[in-house]
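Trainee: Could you take me through one part of this model slowly? I would like a close look at the cavity and what surrounds it.

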Amino acid sequence: LVLAGEMESTNVMVRRAVSILFMDIVGFSTLCENISCEQLNRLTQGYLQAMCEIIVNSRGTLDKFIGDCIMALWNAPRNMKHHQRAAVGAALDMQTRLVELHRGWVD
């Protein structure tokens, strides 16, 4: 964001309310034990890419990956009005997209 000119580079800490989302794949460990590495790689890449696109499109910030878990936040580092709505909207979009992805994985 600093390099893109969207934020100033400062070392000032700011206290603010943020919306945080944690999302992971239920049963991921069991899934890893039952499919090939190639299938797992394809599934994981598709999942992470789709979920990250939704986060970015909702003006969220991808904080980190923790295994199959994604942590994202809204209203930091950029100020964002109605960050709660954006975070919930992203979560709902993620659920819808996950249903679509699941259909492709089953077929």
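Mentor: Here is the cavity, followed by the surface patch and the salt bridges. This is a predicted model, so to speak of local features we need pLDDT of at least 70, side-chain atom pairs count only at pLDDT 80 or more, and totals for chains, interfaces and linings use all residues. Residues are numbered from 1 along each chain as its sequence is written, and side-chain values use heavy atoms, with hydrogens and water left out.

Start with the rule. On a 1 Å grid over the protein atoms alone, a cavity is a set of points where a 1.4 Å probe fits but cannot get out. Grid points are joined across faces, edges and corners, and the volume is the space filled by probe spheres set on the points. The count is one cavity of 30 Å³ or more. The largest cavity holds about 50 Å³ of space.

Now the lining, meaning residues with an atom within 4 Å of a point. Among the lining residues are Arg-59, Thr-61, Trp-74 and Met-80. Five lining residues are nonpolar, three polar and two charged. Here Ala, Val, Leu, Ile, Met, Phe, Trp, Tyr, Cys and Pro count as nonpolar, Asp, Glu, Lys and Arg as charged, and the others, Gly among them, as polar.

Look at Met-80. It sits in the loop between strand 3 (69-74) and helix 3 (83-106). Helices (H or I, at least four residues) and strands (E, at least two) are DSSP runs, numbered from the N terminus. Met-80 counts as buried because its relative accessibility is 10%. Buried means under 20% relative accessible area, exposed over 50%, and partly exposed in between (1.4 Å probe, protein chains only). Met-80 and Arg-59 are 21 residues apart along the chain, yet their C-alpha atoms are separated by 8.3 Å.

Next, the surface. Ile-66 lies in strand 2 (residues 61-66). Ile-66 is partly exposed, because its relative accessibility is 44%.

Last, the charges. Side chains of opposite charge can pair when their charged atoms come close. A salt bridge is a side-chain nitrogen of Lys or Arg within 4 Å of a carboxyl oxygen of Asp or Glu. The structure holds two. In one, Lys-64 pairs with Asp-63, with the closest N and O atoms 3.7 Å apart. Arg-97 also bridges to Glu-100, at 3.2 Å between the closest N and O atoms. Arg-97 and Glu-100 are separated by about one helical turn, because they are three residues apart in helix 3.

Terms used
On a 1 Å grid over the protein atoms alone, a cavity is a set of points where a 1.4 Å probe fits but cannot get out, and a pocket is an open set with protein on both sides within 12 Å along at least five of seven lines; lining residues have an atom within 4 Å of a point.
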